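Biologist: Please take a close look at a single part of this model, the packing of its nonpolar side chains, and then set the charged pairs and cysteines beside it.

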Amino acid sequence: MVTDPITATTATVPARAGSMAPAAPQSRFLEKYGSLWTVAVLALVVATFGILSPTLFSQAGWGAVSKATYEYLPLAIGETFVIITGGIDLSVGATLGFSCVVSGTVMEKMLGTATGSLPITLVGFAVSIAVGAACGLVNGLAITKLRLPPFIVTLATLYALGGATYLVSEEPIYQIPQQLVTFGQQNLLGGWFIAPVLVALACVVVFGVYLSRSQFGLRTYAIGSNRAAAERAGINVGRHLIKIYVLSGALAGLAGILVASNFAQASPLFGNNDELAAIAAVVIGGASLFGGRGNLLGTLCGTFLIAVLTVGLVLVQLTSFWQEVAVGAAIVLAVSVDQGLRKLSQR
């Protein structure tokens, strides 16, 4: 029996998986509510910085916080799927930069044709997501077919894509369609959001439902909880992991075109160290690095927590280096909580 950590529902695996003992009450409680501590921490941090600097609650303050999330959030969504399976993807930042520059190069060349701005923008989105998915496919195949550790494979991809990005373009590409820039900088809902933020939030909703309500999501949790049992249950673990890394790469490609739209350029510098922020958001959000636990509500809260720390420290006029200290402390706290939850659930 596989328990869904989001809904606390269960799905029975095929009989050949063997019978499994039902989870203890405290284990089911922790699976359902264990990551909600992140919501409380986020509320506390927002309240603290709001008291120290009420500007945080203004439209300008919210705009700064939300703009700090749209780049990291798609990466963190993909990273959540990967980490739930017990893997890691260190290449998402490099994939973002590579996809962005390749897409920017394609759009720059198309601008010299008679093609309109909107079709070029759509091509830019398609190319960036496709390139990201291809990078994820390479990761997935290397991990499953060559049986290499995800850490090693994605670390190698990080370096390879970092060099490949500069081979495509050493300088930022400014010749991108105006329609794309208009989309990326357009204020919506009374100026409280820009379009890329809404796209990122929509991805949280769509993939959150997909993770918690679909067979694909249940299989993802099953692999992270017990890979051997998942294989005995008839799950094609290798094929599923390939899909997971393709999804992670595609979301990194989406993040790349969103960043290009907001900054009105495609720069090879985009994505540098973004993988660290994405992984931090997922871990702070309550996902277990051992696999089998995590959800996108926690990832959303973890991403916003990092964003609030970033903006809040600026508003209270502290040096940005304190942001790194604060995020590091949050990661240690999150991992400590995760270890405590694991011990409690095993009693």
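Modeller: The account below goes from the cores to the surface and ends with salt bridges and disulfides.

This is a predicted model, in which local features need pLDDT of at least 70, side-chain atom pairs count only at pLDDT 80 or more, and totals for chains, interfaces and linings use all residues. Residues are numbered from 1 along each chain as its sequence is written, and side-chain values use heavy atoms, with hydrogens and water left out.

A nonpolar core is taken as a set of buried Ala, Val, Leu, Ile, Met, Phe, Trp, Tyr and Cys residues joined through side-chain atoms within 4.5 Å. Buried stands for under 20% relative accessible area, exposed for over 50%, and partly exposed for what lies in between (1.4 Å probe, protein chains only). The largest such core holds 84 residues, and Ile77, Phe81 and Phe207 have the most contacts inside it. Leaving aside residues up to four places away in sequence, Phe207 touches Ile77, Phe81, Leu247, Leu251 and Leu296, a contact being heavy atoms within 4.5 Å. There is also a second, separate core of six residues, among them Ala222, Ala230, Ile235 and Leu241.

Ile223 lies in helix α10 (residues 215-225); helices (H or I, at least four residues) are DSSP runs, numbered from the N terminus. With a relative accessible area of 3%, Ile223 is buried. Its contacts, again without residues up to four places away in sequence, are Thr85, Ala230, Ile235, Val237, His240 and Leu241. The C-alpha atoms of Ile223 and Gly86 are 7.8 Å apart, although 137 residues separate the two along the chain.

On the surface, Leu318, Trp322 and Val325 make up a nonpolar patch with about 300 Å² of accessible area together. Such a patch joins nonpolar side chains (Val, Leu, Ile, Met, Phe, Trp, Tyr) within 5 Å, from residues with over 30% relative accessible area and no salt bridge; the areas come from the Shrake-Rupley method with a 1.4 Å probe. Val325, in helix α15 (residues 321-345), is partly exposed at 48%.

If a salt bridge is a side-chain nitrogen of Lys or Arg within 4 Å of a carboxyl oxygen of Asp or Glu, the count is one. It joins Glu231 to Arg227, with the closest N and O atoms 3.7 Å apart. Glu231 and Arg227 are about one helical turn apart because they sit four residues apart in helix α11 (residues 227-232). Glu231 is partly exposed at 44%, as is Arg227 at 40%.

With a disulfide defined as a pair of cysteine sulfur atoms within 2.5 Å, the count is zero. Cys100 is buried at 2% relative accessible area, and Cys301 is buried at 7%.

Methods: Helix = DSSP H or I, 4+ residues; strand = E, 2+ residues; numbered from the N terminus. Patch = residues over 30% accessible without salt bridge, like charges linked within 9 Å, V, L, I, M, F, W, Y side chains within 5 Å.
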